[in-house]
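Student: Could you take me through one part of this model closely, beginning with a single helix and then moving on to the packing around its neighbours?

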Amino acid sequence: MSDASCPTPAPMGRFERLLSLWVALAMVGGIALGLVAPGLMGAIAGAEVASINLVVAVLIWAMVYPMMVGVDFGAVAGVARQPKGLLVTLAVNWLVKPFTMALLAVLFFDHVFAPWIAPEDAAQYTAGLILLGAAPCTAMVFVWSQLTRGDATYTLVQVSVNDLIMVVAFAPIVAFLLGVTEITVPWNTLVLATVLYVLLPLLAGLLTRRLLGSEAAIAAFSARVKPLSMVGLVATVAILFGLQGEVILARPLVIALIAVPILIQSYGIFALAYGAAWALKVPHRIAAPCAMIGTSNFFELAVAVAISLFGLNSGAALATVVGVLVEVPVMLSLVAFANRTRARFPEGPRCP
């Protein structure tokens, strides 16, 4: 029997286990919809207020809100038991990842891929990758943690602390890095998107927890609304690919080129975080999730801000969507690797 400090993770549903398939179908379906119903895509693209697309905003909230309900800020105090895992996560997420992603983006799009990509397009793709690199994973890490038999409570602590830091650090880091790449940043829109897609869902989740009261009621409610997150993701991918369909069909090479720095970043960041956790003798149930958080991205936020800053039809939005598509198979491969190397880590205290 599990105690309150070591809850039993809920099993993944069939929809979540087949997420790669649904994302792939959303890609194909979105492209087809864009070709057969361009008027519908145009109407969606035009539904904007203050550079925020209303349709996508609803879908982003559907993705983020279920996870925010599960964030228990009172659990942050439990990190004192095993601080090393959190320190690795924070160092990788905020001191390494955004800057290495920017470096790789500039390296590839300004130099290595320069013969094949126009400078204005390169700047857009670089901006999209910077947005991905500055947004550490918030929602899907719970899935990766569960697949590696991670400590659910500690994972919750890591995500909670990252969310708190993201509220104040995301906008300044992105603005700084985009400024370095000589892209004009509308600060008002960037801050508005951060508040809309991070701060307000956090507050809504906290309010929901208080209204529900008991942990049993919170768990039951979370289970009911959790499918909204995956549905929102698939619908967002379908819309974005519908808007980018002609570009994708006309320039498949661009998609492959955008994926290159994302792949290098993903595997490199995982190696750094996982290796640091191993060197610090962090138990595997903490080490695996802390590396997963650093490797994967809060792609909901990255997509939302790319759309807000540069538009639904922008190269920056396309780059963030490629990040979504690359992430799922990459993370599944890293889950398999983490599970194969479990014996190399100390296990630490186990749940009853």
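**A close look at helix α3 and the core**

Tutor: In helix α3 (residues 38-46; helices are DSSP runs of H or I, at least four residues, numbered from the N terminus), the buried residues, meaning those under 20% relative accessible area with a 1.4 Å probe and protein chains only, are Met-41, Ile-44 and Ala-45. They lie on the same side of α3 because they cover an arc of only 100° around the axis, taken from the directions from the helix axis to the C-beta atoms. On the other side, Gly-39 and Gly-46 are exposed, that is, over 50%. This is a predicted model, in which local features need pLDDT of at least 70, side-chain atom pairs count only at pLDDT 80 or more, and totals for chains, interfaces and linings use all residues. Residues are numbered from 1 along each chain as its sequence is written, and side-chain values use heavy atoms, with hydrogens and water left out.

Turning to the interior, the largest nonpolar core (buried Ala, Val, Leu, Ile, Met, Phe, Trp, Tyr and Cys residues joined through side-chain atoms within 4.5 Å) has 107 residues, of which Phe-109, Leu-129, Phe-170, Ile-258 and Met-292 touch the most other members. Helix α14 (residues 315-340) gives the most to this core, with 14 residues. Leu-129 has contacts (heavy atoms within 4.5 Å) with Met-101, Ala-105, Phe-109, Ile-258, Pro-261, Ile-262 and Ala-319, residues up to four places away in sequence not being counted. Leu-129 is also among the buried residues of α6, a helix covering residues 119-133.

Conventions
Helices (H or I, at least four residues) and strands (E, at least two) are DSSP runs, numbered from the N terminus. The expected span of a helix is 1.5 Å times one less than its number of residues.
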